[in-house]
Amino acid sequence: MRTFAAPRPDRTSAGFTLVELMVVLAVLALAATVVVMTMPGSSAQVTAEADRLAVRIAALRDLAIVEGRPMAIVVSASGYGFERRASTGWESLPGRGFARRDWPLGVRLTQPTNGAPLRIAFDPIGMTSARTALAISDGDVTARLSVGATGEVVRSE
């Protein structure tokens, strides 16, 4: 009785060698390192929020000059919003660029406001009544903003 066996596979094409597996693992480790190194740090959220706030305050000052009417930013423990002076009093500023914004999760205003919102108002020529300083933090990183009496906005770490 004759039995037939399947032909033996060639040992050179049976699988991956140890060297090939090590090269693949090295490439994956390199790719993972690149991803981790490009991820934003913990300070990125506070820095981005401070930059966004500084730009929006400067834009509000410019809008007060262009429209020739008082404008204000109201900063509280929960976030900030923008207002303009109307004949009936202060009203929310329309538009997506000046929409009310809550502080992102983990970011907070670190200056005590005694529970009352802080209003920084710009007159029609872009000046404020006094220099005002703000500080926002996530517990590890603190970003500071100052609005001068002449309306200039300066951000620092």
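Q: What makes strand β5 (residues 108–109) and β7 a pair?
A: Two strands pair if DSSP finds at least two bridges between them. Strand β5 and β7 are joined over 2 bridges in the antiparallel sense, so the condition is met. Within this pairing, Arg 108 stands opposite Ser 137 in β7. The names of the elements come from DSSP runs, numbered from the N terminus: helices (H or I) have at least four residues and strands (E) at least two. This is a predicted model, in which local features need pLDDT of at least 70, side-chain atom pairs count only at pLDDT 80 or more, and totals for chains, interfaces and linings use all residues. Residues are numbered from 1 along each chain as its sequence is written, and side-chain values use heavy atoms, with hydrogens and water left out.

Q: How do you know that β7 and β8 pair, and in which sense do they run?
A: These strands share 6 bridges and run antiparallel. The condition for pairing is therefore fulfilled here too. Ile 136 has Ala 143 in β8 as its bridge partner. The hairpin of β7 and β8 has 4 residues between the strands, and Gly 139 takes a positive phi near 100° there.

Q: What makes β7 "mostly covered"?
A: Of its 6 residues, 5 are buried, a word reserved for relative accessible area under 20%, whereas exposed means over 50% and partly exposed lies in between (1.4 Å probe, protein chains only).

Q: Which residues does Ile 136 touch?
A: Contact means heavy atoms within 4.5 Å. Leaving aside residues up to four places away in sequence, Ile 136 touches several residues, including Val 46, Trp 103, Leu 109 and Ala 143.

Q: Which residues touch the most other members of the largest nonpolar core?
A: They are Leu 53, Leu 60, Ile 73, Trp 103 and Ile 136, in a core of 25 residues. Such a core is a set of buried Ala, Val, Leu, Ile, Met, Phe, Trp, Tyr and Cys residues joined through side-chain atoms within 4.5 Å. Among the elements giving two or more residues to this core are α2 (44–67), β1 (71–75) and β7 (132–137). The largest share, 7 residues, comes from α2.

Q: Why is the contact of Arg 155 with Asp 51 called a salt bridge?
A: The term requires a side-chain nitrogen of Lys or Arg within 4 Å of a carboxyl oxygen of Asp or Glu. The closest N and O atoms of Arg 155 and Asp 51 are 2.4 Å apart, so this pair qualifies. Because Arg 155 lies in strand β9 (residues 153–156) and Asp 51 in helix α2, the pair ties together parts that are 104 residues apart in sequence. Arg 155 is partly exposed at 27% relative accessible area, and Asp 51 is partly exposed at 35%.

Q: How do you know that Arg 61 and Asp 62 meet in a salt bridge?
A: Their N to O distance is 3.7 Å, which means that it falls within the cut-off. The whole structure holds 8 salt bridges.

Q: Why does Leu 18 count as exposed?
A: Its relative accessibility is 64%, so it passes the limit for exposed residues. Leu 18 is found in helix α1 (residues 18–38).
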